[in-house]
Amino acid sequence: MSSGTPLWAHSPALGGGWHSLDAHLRAVADLAGNFAAPFGGQQVAYWLGRLHDVGKASCTWQAGLARAAVTGGRVGTDHKALGTRVAHERGLGGFAVGIWGHHSGLVDMQDLGPALKSRVTDGAAEVASAEQVLDGLVADLPADLRAAVPPVWREDRLVGEMAVRLCFSALVDADFLDTAAHFAGLPAPRVRPEADLGVLYERFTTRRAGKLATRRGSPIDALRERIYAGCVEAAERPAGIFRLAAPTGAGKTFASAGFALRHGHRHGKRRVIVAVPFLTITEQNALQYRELLDDERDADPVVLEHHSGVDFDAGGARRWARLAAENWDAPFIVTTFVRLFESLYARKPAAVRRLHRLADSVIVLDEVQALPPAMLMPILDGLRLLVQHFGVTVLLCSATQPDFWALSPFAHLEATDLITDLPAVASRLRRVSFEWQLDPSPTLAGIAAQAAALGCAMVVVNTTADAQTVFAQWRHTGDECDTAQRVAWHLSTRMCPDHRRRVLAEVRRRLDAGLPVLLVSTQLIEAGVDIDFPVVFRALAPADSLLQAAGRANREGRLAGLGRVVIFAASDARQPPSYRAAVGATLLHFGPGRDPDDVTALPAYYRSLYDALNLADPGHVGQRIQQARTRWAFETVASGPVIDATSGVRDQTQAFRMIDDDSLAVITPQAADPDERQEVDDALTRLRDAPVPAMGDVRRLQPYTTTLNRSVLRARPHVQALLRPVLGTPGTAGALVEWCGDYDDATGITIDTAVEGLVL
C-alpha cells in the first residue's frame with residue numbers, strides 16, 4: 001500500500017464519511033490515557049491505544065473493509081497481531097495482552113505467546129504489510145516503552161494483574177466510545193465532565209434534612225442521627241477500609257451515602273459506587289438517592305442504576321449491542337454485587353469497560369454479609385489491591401458484619417470502625433424477641449395459619465416454591481379481586497421490579513393505616529428493604545439472614561413492647577444446598593436461649609463458617625482462582641481451567657461466579673401499568689430493530705426486567721416457546737428476552753416452581 005493511500009479504521013457512518021485510522025488511534029490513545037491517569041497507568045493505556053488497531057493498516061484488511069462497507073458483512077481478517085507484538089517487544093510485556101484481547105477478551109498469559117507466534121506466522125504477509133507503514137502511522141512510538149509501566153506493577157504479580165484489568169478497561173472503553181461516536185455522526189466521543197462531589201454532598205445534606213423533617217417520627221430517630229453524624233465526621237479520616245456495623249434500622253442507607261460523598265469530596269475521589277446484594281435494594285436505594293441527588297438543572301442524572309441482566313458481550317449479542325454496554329460514566333452508581341465483582345474478574349471487553357471507573361472512587365458495599373463465601377478470597381483480595389494501589393476507599397456496611405479479618409487477604413489490613421461502641425448501640429436498638437419452632441417441626445401450612453391468625457405478619461422463606469405454598473394458603477384471604485381489599489401479598493423475583501415496588505408500597509400503606517396485611521417473601525425482603533411488621537416468621541437459614549429478617553420486625557420501635565421473630569424449620573420447606581454449611585454453623589452458635597442478635601457471638605459464627613467451608617484449603621475454588629490470578633490466567637479466572645485440551649472445554653465450576661447458575665433476563669411488559677404499556681412496547685421494538693440498541697431503552701425496561709433460572713429451560717423445554725428474543729438467543733448467555741407466557745397479578749411469571757430450586 002502506497003504511503004499516500006488513506007487508511008481507514010471503520011466504514012462510513014450513515015450519511016457520513018469514513019473513519020480515519022490515524023484519527024482513531026490518536027483519539028483512543030488520548031482517551032485511554034486520560035481514563036488510566038488516576039491510577040498511574042496513563043502511559044501504558046496511551047500506548048495500548050496507539051497500537052491497538054495498527055494491524056488494520058495491512059492491504060488485506062483495508063480491502064476487506066472496502067468490501068464490508070458494500071456488503072454489510074465482516075472484514076474477516078485479524079488485525080491484533082502486529083500491535084500486540086510491537087507492544088510486547090518494546091517493553092510493555094504482558095500488558096500487550098490488552099491489545100490481543102480488545103475484541104475477543106483477555107486470555108491466559110501462558111497462551112498469548114504461542115497464539116501470537118502462530119498468528120504472526122500464518123498472517124506474515126498481512127503483518128508485514130501493516131508494519132511497512134507503522135513508522136508513519138505511529139511516528140512518535142519510542143523504541144523502549146519499559147518506563148511506562150510502574151515498577152510495582154512488575155514486582156507484585158497480583159498488583160500487575162489488577163493493573164492489566166484496569167488498563168484493558170481504559171483501552172476498550174476508549175475504543176468503544178470513539179467507534180460509537182463515529183457511527184453516531186458525532187465529532188468526538190462524549191465523556192461526562194468530572195462531578196464536584198462537594199456540590200453533591202451539600203445537595204444531599206440539604207435534601208436529607210428536608211426529607212426527615214416531613215417523615216413520621218420514630219423513637220430511634222435520635223440514635224440514627226447520632227450514627228449519621230459519626231459517619232460524616234469519620235469521612236475526614238484518610239482513605240482506606242472502613243466498617244459500618246450498625247443494627248438493622250439504624251439508617252445505614254443515608255449514613256453510608258453521607259460518608260461516601262463527604263469522604264470523596266475531602267479526598268478528591270471521582271465517584272461513589274454503591275453495591276448491594278439484591279435487585280430489590282438497588283430499586284429502593286436508587287429511588288432515594290435520586291430524590292436526594294438528581295436535579296433537573298443537571299445535563300445528565302447524577303444517579304445511575306445498573307443491574308440489568310443483559311450481557312452485551314455475550315456470544316449472541318450483536319456488535320452494536322456491545323458498543324451500548326454500560327460504562328458507569330456517572331458520579332453516583334447503584335449496582336449489584338454480581339455486576340461489580342463479575343465485572344472485576346471478567347475477561348470480555350463490554351463487561352470490563354467500566355472497571356477503570358473504580359480507581360479513585362469510594363465503594364460502599366451494603367449488606368456485605370451477603371457476599372458469597374466461596375468467592376471471598378478473590379473478592380477480598382481485589383478490594384485490598386484497589387485500596388492499597390488504585391486510590392479506592394471501601395466502606396463495608398452490615399448489621400451482621402462478617403469477620404473478614406480472619407481471612408488471609410485482610411489479615412494485615414487496618415480498618416476504621418464508624419461505630420466504636422457497637423454492643424451498646426445494639427442494646428439500645430433491640431426491638432424484638434426471638435422464638436424458635438424447630439422441634440417438633442411445623443409445616444408451611446401451619447406457619448401460614450399462625451400468621452393469618454395474627455392478621456398482620458410477614459413470612460420469609462428460602463425458595464420461590466415455598467413462597468408459593470404459603471401464599472396459596474392465604475390466596476383467598478380478603479377480596480383478591482379488589483386490590484384495595486386484598487390482605488395477602490407475595491414477593492419474589494418472579495415479579496418484575498415495578499411489580500415488587502407496587503406491592504411494597506401497598507403493604508406499607510396498609511401497615512401505616514393499621515389494616516390487616518400478610519406478606520410472604522423470599523429473602524430479597526431482608527437486606528435493606530424498609531418495612532415494619534409487628535411479627536416476622538423466618539424459615540431456618542444462616543444466622544445473618546435470621547438477623548436481617550428480624551430487622552423487618554418493629555423496625556421503627558413504635559410497639560409498646562418488643563416485636564416477635566419466630567424462627568421455624570418446617571418439615572416440608574426447602575433449603576438450598578448452599579445453605580448447608582451456614583445453617584450448621586448457625587445451629588452451633590445460636591438456638592433457643594442463644595439469639596442471633598448477640599453481636600459479640602457473630603465473629604465466632606463466621607469463623608466456624610469459614611472453617612467449615614475450608615476457605616483456606618489450596619484446593620478450594622477461591623484459592624484456585626487466586627493461583628490463576630498470580631499466573632495472569634485471565635480466561636481461567638473468568639471461565640475455569642481447561643479440562644479437555646482437544647475441545648478447549650473449561651470447568652466452569654472452578655471459575656469466578658457470584659451465583660451458581662446463570663439467569664436469563666426476561667422482560668415482562670404484562671406487568672406495566674396500562675398507561676405505560678405502549679411506551680414499554682415501543683422500547684422493546686426499538687431494541688429489536690435498531691442498528692445501535694440504545695442504553696436508554698435498556699434502562700427504560702429495567703423496571704419490567706426480572707430473571708429466570710436457566711434450569712427452567714432445561715427442565716421445561718416448552719418454556720422456550722414463551723420467550724421472544726430481544727437481544728441474543730434465549731438459550732445463550734447474555735440474552736434479553738420478552739416473556740410471552742402467563743403473568744399473575746399477584747405472583748408474577750407463572751411456571752412450575754418445582755424445577756427451579758432457589759430463586760430469590
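## Helix 11 and its cap

A residue is called buried here when its relative accessible area is under 20%. With that in hand, let's look at helix 11 of this predicted model: L197, G198, L200, Y201, R203, F204 and R208 are buried there.

Helix 11 covers residues 197-214. At 1.5 Å a residue, its 18 residues should span 26 Å, and the end C-alpha atoms are indeed 26 Å apart, so the expected and modelled spans agree. The N-terminal end of the helix is capped by D196, which places a side-chain oxygen 2.8 Å from the backbone nitrogen of G198.

## R208, a buried arginine

R208 is one of the residues of helix 11. Its relative accessible area is 8%, and because the cut-off for buried is under 20%, R208 counts as buried. What does R208 touch, once residues up to four places away in sequence are set aside? Its partners are E225, Y228, F254 and L292.

## The seven-stranded sheet

Next comes an open sheet of seven strands, paired in parallel and arranged in the order 5-6-4-7-8-3-9. Strand 5 (303-306) and strand 9 (415-417) are at the edges; each has a single partner strand, so one side of each has no neighbour in the sheet. On average, and with direction ignored, neighbouring strands of this sheet are turned by 20° against each other.

For a look inside the sheet, try strand 3 (residues 241-245) and strand 8 (residues 393-398), which run parallel and are joined by five bridges. Here F242 is opposite L395 of strand 8.

## Two crossing helices

A pair of packed helices is described by the angle between their axes and the distance between those axes. For helix 10 (residues 157-183) and helix 18 (residues 376-389), the axes come within 10 Å and cross at roughly 85°. Angles of 65 to 115 degrees count as roughly perpendicular, and therefore that is how helix 10 and helix 18 are placed relative to each other.

Which residues make this contact? Helix 10 supplies L158, V159, M162 and L166, while helix 18 brings D381, G382, R384, L385, L386 and H389.

## Backbone features in the loops

Most residues other than glycine have a negative phi, and most peptide bonds are trans. Against that background, three loop residues invite a closer look. The peptide bond from D439 to P440 is cis, with omega near 5°. P440 sits in the loop between strand 10 (432-437) and helix 20 (444-454).

The other two are asparagines with a positive phi: near 50° for N554 and near 55° for N614. N554 belongs to the loop between helix 23 (543-550) and strand 15 (563-568), and N614 to the loop between helix 25 (602-612) and helix 26 (621-630). Are they buried or exposed? N554 has a relative accessibility of 3% and so counts as buried, whereas N614, at 45%, counts as partly exposed.

## I447 and its surroundings

Our last stop is I447, which lies in helix 20. Its relative accessibility is 0%, so I447 counts as buried. Neighbours within four places in sequence aside, I447 is in contact with Q437, P442, V459, F537 and F568.

How far apart in space are I447 and Q473? Their C-alpha atoms are 9.9 Å apart, with the two positions 26 residues apart in sequence numbering.

Note on methods:
Residues are numbered from 1 along each chain as its sequence is written. This is a predicted model: local features need pLDDT of at least 70, side-chain atom pairs count only at pLDDT 80 or more; totals for chains, interfaces and linings use all residues. Side-chain values use heavy atoms; hydrogens and water are left out. Helices (H or I, at least four residues) and strands (E, at least two) are DSSP runs, numbered from the N terminus. The expected span of a helix is 1.5 Å times one less than its number of residues. Buried means under 20% relative accessible area, exposed over 50%, partly exposed in between (1.4 Å probe, protein chains only). A polar contact is a pair of N or O atoms within 3.5 Å; within protein, one must be able to donate a hydrogen and the other to accept it, and residues adjacent in sequence count only if both atoms are side-chain atoms. Two strands pair if DSSP finds at least two bridges between them. Axes are lines fitted to C-alpha atoms, for helices over the stretch in contact, and angles run from 0 to 180 degrees between N-to-C directions. Angles under 35 degrees count as roughly parallel, over 145 as roughly antiparallel, 65 to 115 as roughly perpendicular and the rest as oblique. Contact means heavy atoms within 4.5 Å.
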